[in-house]
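Me: Please take me through one part of this model at close range. Pick a single strand, and set it in its chain and in the complex.

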Amino acid sequence: MDFHFGEKEKKLRAEIRQFVKENIPPGQVPYFEEHDDQEWAFSMSIAKKLAQKGWLTISWPKEYGGMGASELERMVYLEEVGYWGIPGWMMGIGGIGWVGPSLMLFGSEELKKKHLPLIASGEPDGVWCTGYSEPDAGSDFANLQTRAERIGEEYVINGQKVWVSAAHRARWCWLAARTDVSAPKKHAGISILIVDMKSKGVAVRPIINFYGFHLFNEIFFNDVRIPVANLVGVENQGWRQLMQSLGFERSYSTIVVYGESKRLLDELVQYAKETGAIRRPYIRQKLADVAVEIETLKVLAYETVWKMSKGERITWEPSRDKAFRDMINDQLSRIGTEIIGAFAQVDPLETDTKWSRLRGRAERLYYRWTGYASAAGTTDNQRNIIGQFALQLPKAY
Amino acid sequence: MVDFGFSKDQRLIRKSVREFLEKECPKDRVRELKTDEKGYDPRVWEKMVDLGFLGLVISEDHGGMGGDYLELMIFMEELGRSLFPSPYFATAVLCALPIDRFGSNEQKQLILPAIADGQIWTLAVLEASADYEAAGIELAVTREGDSYSLSGTKLFVPYARAAEKLLVIGRTRADGHAEEGITVFMVDAVSPGITVNSIPTAARDQRCEVRFDNVRAEVTDILGQPNRGWEIIEYLLQAATVLKCAEMSGGTQAVLEMTRRYAADRIQFGKPIGSLQAIQHKLANTFIGVEGLKNLVYEAAWHISIDRPIKELVSMAKVKANTVYQQTCIDGITIHGAIGFTEEMNVGLYHLRTKAMEFELGGSEFHRERIIKELEQQVPLFLQP
């Protein structure tokens, strides 16, 4: 048992903090890049710099433009990303997290050669979105209906995807589509395809959320033609490939959320000290309570990454961490907005008005987390997974 | 390098302790001991002595096993799982640890081998204020020539009837700061002037009122420095608290497991109730709590094991333990339904201990205050140069 980091991780952490000093404004707040053109440009410039450091795709093998870093080094990097709000680390949704790793596992040489360098070097053509959910395939994701019909050397795609984050910024779409409509089970007959977002027949329609933020989109596919070479892995084996990549996403995003939560907690304690709110017993107790949960989130997320680093099979662990982080976001944003008080009613998209406090961090989390809780599986869906795989109870859905 | 794993030796200890407790302390034994005058089984205590459990972390020079803090943590986790009623925590944790740390060489040479050999000790700290604030220590200590005289009343002293020796926290100076003027005495339990009354606790787990009426102690009975006894309490509030948390963590693991099994076995509407989302999600939340507590305790314990305790981490573990233990028991009983409410079901045995566990070594409000006190003193990372 050991809770200290090794020299390699400590050195990496110090380098990232130096990088932050030189490149990231002190008040950088995360989660604006997809919404705002200027922030997007800034985030892409940071992505380029992260790529030069080798951090953007830190855990990818060197031959594909990564650093070949360990799971723990990747964890340290993402923790810092969260704490300092380093933008650009995702470049859309999925390119770094699962497109690259999946291509390495299942992709053809041609696809690997084409896409991996674009992602690893932080190019605009390395920005991805991920087309999974559909109007009738949310939590019941295997129910997806978007059709990809093979005609000669092409797939012809028709259908609709929804809740696609960053589709309006992406050059490529990582698409789950049905290639065999006659398959007996809905999990069979699904394939992963790569779609150029500039293809004829692709239409992106923004979905603006309730506080005016543009992250999600619908994508409509109308006779979109893509070369057969854009099939990833084996036709109709997409479900298995997908399951393998979803777990990775959840475990690592929890580390980022831990970093963000710790930052907001630090900000709130500091703010409460400055305003004098820290003297109030109620505020003290509430802050301490959320500090307990944030520390707990840390050890859980660390434990999952530690298991991965030992090559253990991960099943329910990311779900445990994801469900827990959703609960913490709820708790943290409530006490956060309570400490900010009436100023928490300022539009969360306005960071710099004279009435904004902490650049709107607390109220933005307050409005934001409920939506982000749905990403990569709702909180309750995570509980289903825990029930089934960790507690070995019969399927409840 | 971050590592949540246990060594081979540590795993072996867990295995042997679990097997021992499962064999020696089935739940019916826990029920029987509720009405036992001593509240523990001397026969099993002797076996524990033979296996070296009492001297787990006492050095070999002092007749112990020379194990480390993490092994003791594992022991407590297993103890909490089994609910084994005994003066183990009082003796091996609340008394042996501070004697080992603060005792003179002479004291250690005399006492630690006795403890390893099964001598029962307990700690008398709480008084009418029933909290761990120094101001609550009012037991009056007056100097009479070369000796001291102790008068006052201590509450919730574990296993005071079984104990041969007491660590008594007294006030030697009433003026000045509350934390100054506190002295710790080692007193014979049968000294003239000591009266012990059992407090009828819910778990009947041998918590006593101990009254001191001009009880005599000598200078050589002082543990640590005169008037600086609060250091010893502060030490216990870290080293013993995390072990209490480990005990609680073990308890939550056991309750989760028995509740899970019940939910998987109990058939209603033609299927196990554990297949219903209302039940399954409650269990999933319990699982998240239990897993979080377990790992948080490991983290806090590890820092103590390398002798670099982190004060707020200890208090975080206790707040978490208090919350999760109670919630796990309540959810455990309600998931069992009406049968969970009966004497026959084991889940109630754990629930009966929630309040004793919660307030031993500090309730949540107390520990939250300790956490925020630490946090507000730190310069946040984002403001560091």
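Reply: Chain A holds 10 helices and eight strands. The model is predicted, and its confidence scores come first. The mean pLDDT of chain A is 94, with 98% of the residues at 70 or above. Among the elements of chain A, β3(A) has the highest mean, 98. The lowest mean, 89, belongs to helix α6, residues 238-275 of chain A. The close look therefore goes to β3(A), the element of chain A with the highest mean pLDDT, where a residue with 20 or more other C-beta atoms within 10 Å counts as buried.

Start with the side chains. Strand β3 of chain A covers residues 154-161, and its side chains alternate between two faces. One face carries A:Tyr155, A:Ile157, A:Gly159 and A:Lys161. These four are buried. The other face carries A:Glu154, A:Val156, A:Asn158 and A:Gln160, which are not buried. Note that A:Lys161 sits on the buried face, while A:Val156 is on the other.

Now the strand partners. β3(A) pairs with strand β2 of chain A, residues 147-151. The sense is antiparallel, and there are five bridges. In this pairing A:Glu149 stands opposite A:Val156. β2(A) and β3(A) make a hairpin, with two residues between the strands. A:Gly152 lies in that turn and has a positive phi of about 65°.

β3(A) also pairs with strand β7 of chain A, residues 214-227. Seven bridges join β3(A) and β7(A), and they too run antiparallel. Here A:Val156 stands opposite A:Arg225. A:Val156 thus links the two pairings: A:Glu149 is opposite it in β2(A), and A:Arg225 is opposite it in β7(A), on the basis that two strands pair if DSSP finds at least two bridges between them.

Step back to the whole of chain A. The C-alpha atoms fill a box of roughly 70 × 50 × 45 Å along the principal axes. The radius of gyration is 21 Å. That agrees with a compact globule, because 397 residues packed that way would give a value near 21 Å. Of these 397 residues, 52% count as buried. Contacts across the sequence point to long links. Take the contacts in chain A between residues at least 6 apart: 71% of them join residues at least 24 apart.

One loop residue makes a useful contrast with the strand. A:Ala69 lies between α2 (37-53) and α3 (71-84) of chain A. A:Ala69 counts as buried because it has 22 C-beta neighbours inside 10 Å. Beyond its neighbours within four places in sequence, A:Ala69 is in contact with A:Ile58, A:Ser59 and A:Arg74. A:Ala170 is 101 residues from A:Ala69 in sequence. In space, their C-alpha atoms are 26 Å apart.

Next, the partner chain. Chain B has 12 helices and 10 strands. Its mean pLDDT is 97, and 100% of its residues reach 70 or more. Its C-alpha atoms fill a box of roughly 80 × 60 × 40 Å along the principal axes. The radius of gyration of chain B is 21 Å, which agrees with the value near 21 Å for a compact globule of 385 residues. Buried residues make up 51% of chain B. Of the contacts in chain B with a separation of 6 or more, 74% are between residues 24 or more positions apart.

Chain B is assigned three domains. Domain 1 takes residues 8-91 and 103-117, domain 2 takes 123-228, and domain 3 takes 231-378. The centres of domain 2 and domain 3 of chain B are 30 Å apart over C-alpha atoms. Between these two domains, 13 residues of domain 2 are in contact with 11 residues of domain 3. The domain 2 side has seven nonpolar, two polar and four charged residues.

Last, the contact between the chains. The predictor gives the complex an ipTM of 0.97 and a pTM of 0.96. Chain B gives 45 residues to the contact, and chain A gives 40. On the chain B side, α7 (230-265), β10 (271-272), α8 (277-305), α9 (311-336) and α12 (364-377) each supply at least two residues. The largest share there, 15 residues, comes from α8(B). By class, the chain B side has 26 nonpolar, nine polar and 10 charged residues.

Key: Residues numbered from 1 in each chain as written. Chains lettered and ligands numbered in written order. Buried ≥ 20, exposed ≤ 12 C-beta atoms within 10 Å, placed from the backbone. Rg over C-alpha atoms; globule rule 2.2 N^0.38 Å. Contact = placed C-beta atoms within 7 Å. Nonpolar A, V, L, I, M, F, W, Y, C, P; charged D, E, K, R; others polar. Domains from an automatic or database assignment. pLDDT = per-residue confidence, 0-100.
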